[in-house]
Amino acid sequence: MDELEEIKLTFFQECDELLADLEAGLLKIDAGDAEPELVNAVFRAVHSVKGGAGAFGLEALVRFAHVFETLLENVRSGKIGLRSDLVQVLLRAADVLADHVAAAKLGGEGDIATTAAMVKELETWISGGPILPQSVSEPELPPNDDGIVFTPVTLTIPEVDDSPKEQVWTITFQPMDELYVKANEVGLLLREIERLGEVEVELLDDALPPFDNLEPETAHFAWKVRLKTEATEERIREVFEFVEGDCSTTIVRAASPPMTAEPDAGPDIAAIIAAAQAGLAEPPSSVEAQSPEELSSALDLIPSLPAVSAEVVPRDNALSRQAPARAGGEKANPATIRVDPERIDKLIDLVGELVINQAMLAQRVAGHGFAASSDVGRGLDELEQLTRDIQDSVMAIRAQPVKSVFQRMPRLVREIAGQTGKQVRLVTDGETTEVDKTVIERISEPITHMLRNAIDHGLETPGERIAAGKASEGTVRLAALHRGGRIVIEVGDDGKGIDRPRVRQIAISRGLIAADAQLTDEEVDNLIFLPGFSTAKTVSDISGRGVGMDVVRKSVQGLGGRISISSRPGVGSTFTLSLPLTLAVLDGMVIDVAGQTLVVPLSAIVESLRPAANDVKRVGVEGSVLAVRDAYVPLVDIGRVLGFQAEATNPAEGVVLLVDSEDGGRAALVADSIHGQRQVVIKSLESNYKQVPGIAAATILGDGRVALILDVDALVAMRKREPVRAHEPLIEAAE
Amino acid sequence: MIKVLTVDDSRTMRDMLRLALAGQGFTVTQAVDGEHGLEVLNESGADVIITDINMPKLDGFGFIERVREDAAHRATPILVLTTESDPAKKVRAREAGATGWIVKPFHPEKLLDVIRKVAA
């Protein structure tokens with residue numbers, strides 16, 4: 001990729017961060033935080049977006065950012081007070097800015113009408129500020145006046161002129177102390193003048209005091225330069241651009257006498273510059289009496305005179321012509337290194353292999369009768385610890401804070417609040433909680449949906465809230481935390497809570513439960529996860545088109561996660577998502593079925609039990625159910641469904657795993673035996689073999705055998721569709 | 001090799017500067033704000049400093065003042081790089097001790113010109 005394109009990518013990445021900072025800052029201000037640094041940070045964010053956008057010629061973005069920035073500058077300088085209605089405008093402007101960035105990313109420009117409306121609004125504030133109108137009278141910067149443009153340009157240099165008119169100028173300049181204080185150097189000024197043409201330089205040392213009175217921090221010299229050049233006066237003045245005010249300068253065009261020096265024997269500029277830098281062309285008469293040693297030690301005392309050591313500046317020291325060299329300075333940017341994600345994935349894969357290998361080794365060593373306390377056993381223990389540390393560290397590379405997901409939510413909340421006419425405050429917590437990138441990419445949708453749900457269904461309208469004795473503004477809380485090796489995400493609201501009688505009534509009317517079903521509050525709450533259940537009277541724009549909580553639950557389960565709800569009438573509801581930290585490893589239950597070793601994701605298992613023979617009831621020809629306490633649960637014979645065996649295992653002789661299935665009901669998986677829980681490294685079956693119904697993935701066990709990881713939902717669904725499968729092995733050889 | 005320290009909170013700008021200076025005989029070091037700039041300067045030194053003005057923690061003005069307080073860097077040229085073409089900002093930067101400035105937009109060649117103007 002072109003390096004400039006890469007920087008552009010960096011720019012957009014940076015924009016996302018800046019926009020997040022911008023919004024976070026505005027929200028804090030909105031919440032009453034009056035810290036002046038916040039306004040500065042907000043200003044800087046917009047400013048930086050504008051600066052970068054200018055560099056890439058993203059003009060629409062620059063134009064909008066400029067207006068936005070102007071208003072923020074007025075706020076920052078105190079010209080406009082930060083009222084809450086202004087903060088709302090700024091928040092919306094931040095949204096428009098985000099739209100522009102998003103559009104620019106795709107090579108387009110933000111919506112013209114929205115932008116125009118926003119610009120108008122911002123300008124109203126800019127000109128309508130309490131005291132101004134200085135800012136109006138300030139000339140507005142041309143919008144593309146910022147940033148760097150890396151397009152090849154033709155520089156207009158004097159030499160290009162066809163009919164150069166050579167003229168002679170007399171330049172006199174006398175630096176003040178200030179010139180040196182700012183690290184400007186006379187030698188460099190002379191060098192710049194020399195670049196313009198032929199020069200004759202004369203040092204004026206009349207002002208040099210006797211040595212005894214010499215003030216080391218004071219400028220004593222002046223210079224007179226005769227310059228023969230085609231350059232304009234403006235160009236000559238440019239040389240003095242940085243020392244204007246720190247140097248009295250006169251530039252006069254000479255009547256046009258010829259240069260006194262012979263053209264071929266030009267002045268030794270290098271020597272003159274060196275002398276100028278040293279500040280002493282020749283020892284002035286008053287100092288003559290001093291010995292060279294005394295003089296040089298006196299000069300050492302002059303810190304404000306740069307380059308006292310009289311370095312000779314070579315004439316050809318043109319910076320831009322030096323040999324190309326790589327900038328080796330990147331070390332000073334230790335914060336990040338960029339790595340191709342594929343390399344990390346590969347590393348994670350390899351570490352997975354390492355974990356497996358280490359487990360295999362341990363098993364083999366144990367098989368050879370080495371005691372755990374033996375040298376080999378202890379060494380192996382250390383290896384295991386080390387392997388685990390490596391795995392954790394490698395996983396940490398791909399870990400990202402959930403912030404990237406959370407930071408998209410305030411805008412969503414504002415939009416939904418706008419659509420529903422509700423007043424909502426979003427509170428986020430635990431944004432720095434880290435989770436694997438693969439998980440991050442997939443939690444955004446469930447969170448979005450839960451937030452929509454919380455505002456649309458959970459919160460009351462301002463009127464209802466006031467009537468209920470609550471603040472008119474509802475609060476939605478989004479939090480992330482680590483708990484028990486998993487990441488927990490909570491979406492809570494302080495709304496009306498789940499309307500249980502209504503949920504019950506709907507469930508009955510849809511035939512989801514019997515009219516006389518005895519359900520606990522918790523069970524009623526969980527009805528909303530049933531497929532097709534929607535408490536909204538109409539399919540609203542907001543909570544999705546018929547997309548209910550069942551879909552959320554399904555996608556969460558697809559991530560190996562669980563979702564639960566707790567609700568109190570009038571107080572609010574909280575949805576809790578519990579997800580694995582990574583999708584690369586899985587907590588599984590290792591079971592035996594018909595001589596095969598399989599892994600069931602632990603997240604799917606509710607409990608395991610050994611049923612009594614009389615708890616199993618036959619239903620119809622092939623089906624059977626298991627009585628678990630006061631409910632009947634369909635039995636799923638794994639071996640039969642997957643085609644490992646023709647005859648079903650007798651549940652009473654095996655073990656039954658009670659699992660939550662997709663349709664909200666439960667099922668009982670029948671296995672021969674359970675080995676125990678184990679963390680396994682997930683290997684995609686699809687990329688290594690092919691997709692197999694009922695199987696989610698595969699793993700390699702400690703003894704080197706391949707074990708299949710069950711897709712519980714699919715398995716349960718398969719049993720329903722075709723209770724009896726032909727006896728054909730799905731996997732030819734599990735080696 | 002002339003060692004240029006670039007101090008800017010914008011990664012884009014830092015990268016842009018690096019791109020413009022790399023291969024032109026410069027070693028580029030980078031810092032993300034004024035405080036970081038002081039750290040990097042102490043660690044690795046610099047022949048020329050290019051700094052942004054609007055930065056968190058320690059802004060460009062404060063950074064320049066602090067650099068000038070250090071006897072070792074009193075004579076180090078400091079160029080202010082900013083999108084402000086606001087003359088008041090320029091004046092303030094000069095008061096703080098800035099040697100010169102780079103007004104954006106700049107072309108890479110212009111940047112080299114300006115550095116040449118202040119660097120020995």
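This is a short dialogue on how to read helices, cores and loops in a predicted two-chain model.

Reader: Before we start, what are the ground rules for this model?

Author: It's a predicted model, where local features need pLDDT of at least 70, side-chain atom pairs count only at pLDDT 80 or more, and totals for chains, interfaces and linings use all residues. Residues are numbered from 1 along each chain as its sequence is written, while chains are lettered from A and ligands numbered from 1 in the order in which they are written.

Reader: How many helices and strands does each chain have?

Author: Helices (H or I, at least four residues) and strands (E, at least two) are DSSP runs, numbered from the N terminus. Chain A comes to 23 helices and 22 strands. Chain B has five of each, and along its sequence they follow β-α-β-α-β-α-β-α-β-α.

Reader: What share of each chain is buried?

Author: A residue is buried if 20 or more other C-beta atoms lie within 10 Å of its own, exposed if 12 or fewer, and partly exposed in between; the C-beta atoms are placed from the backbone. On that count, 34% of the 735 residues in chain A are buried. For chain B, with 120 residues, the figure is 61%.

Reader: And what share of the contacts joins residues 24 or more positions apart?

Author: Two residues are in contact if their C-beta atoms, again placed from the backbone, lie within 7 Å. Take the contacts between residues at least 6 apart in sequence: in chain A, 72% of them join residues at least 24 apart. In chain B, the contacts with a separation of 6 or more give 59% for residues 24 or more positions apart.

Reader: Where do I look for the largest nonpolar core?

Author: The general idea is that in soluble globular proteins, nonpolar side chains tend to be buried together. A nonpolar core here is a set of buried Ala, Val, Leu, Ile, Met, Phe, Trp, Tyr and Cys residues joined through C-beta atoms within 7 Å. The largest one has 107 residues, and Val46(A), Phe68(A), Leu97(A) and Leu79(B) have the most contacts inside it. Its largest share, eleven residues, comes from helix H1 (residues 3-30) of chain A. Another core, of 47 residues, lies apart from it, with Val351(A), Val600(A), Val641(A) and Ala707(A) among them.

Reader: What does Val46(A) touch?

Author: Leaving out residues up to four places away in sequence, Val46(A) touches Leu22(A), Ala65(A), Phe68(A), Glu69(A), Leu72(A) and Leu97(A).

Reader: Leu97(A) sits in H4(A). What span should that helix have?

Author: The expected span is 1.5 Å times one less than the number of residues. For the 22 residues of H4(A) (84-105) that gives 32 Å, and the end C-alpha atoms are 31 Å apart, which agrees. Its buried residues, including Leu90(A), Val96(A), Leu97(A) and Val101(A), pack against H1, H2 (36-55), H3 (59-76) and H5 (112-127) of chain A. Just after the helix, Gly107(A) takes a positive phi of about 85°.

Reader: How do I read a helix pair, say H2(A) and H3(A)?

Author: Axes are lines fitted to C-alpha atoms, for helices over the stretch in contact, and angles run from 0 to 180 degrees between N-to-C directions. These two axes come within 9 Å and cross at roughly 155°. That makes H2(A) roughly antiparallel to H3(A): under 35 degrees counts as roughly parallel, over 145 as roughly antiparallel, 65 to 115 as roughly perpendicular and the rest as oblique. The crossing is left-handed, meaning the near helix is turned anticlockwise from the far one by less than a right angle; clockwise would be right-handed. Val46(A) in H2(A) and Phe68(A) in H3(A) are among the residues that meet here.

Reader: And what about H2(B) and H3(B)?

Author: H2(B) (34-44) and H3(B) pack at about 30°, with axes 9 Å apart. That makes them roughly parallel, and the crossing is right-handed. Residues that meet include Leu38(B) and Leu41(B) from H2(B), and Phe63(B) and Val67(B) from H3(B).

Reader: Which residues other than glycine have a positive phi, for example?

Author: Ala183(A) is one, at about 65°, in the loop between H7 (177-181) and H8 (186-196) of chain A. Ala183(A) is buried, with 25 other C-beta atoms within 10 Å. Lys57(B), with phi near 60°, lies in the loop between strand S3 (48-51) and helix H3 (60-69) of chain B. Lys57(B) counts as partly exposed, with 14 C-beta neighbours inside 10 Å.
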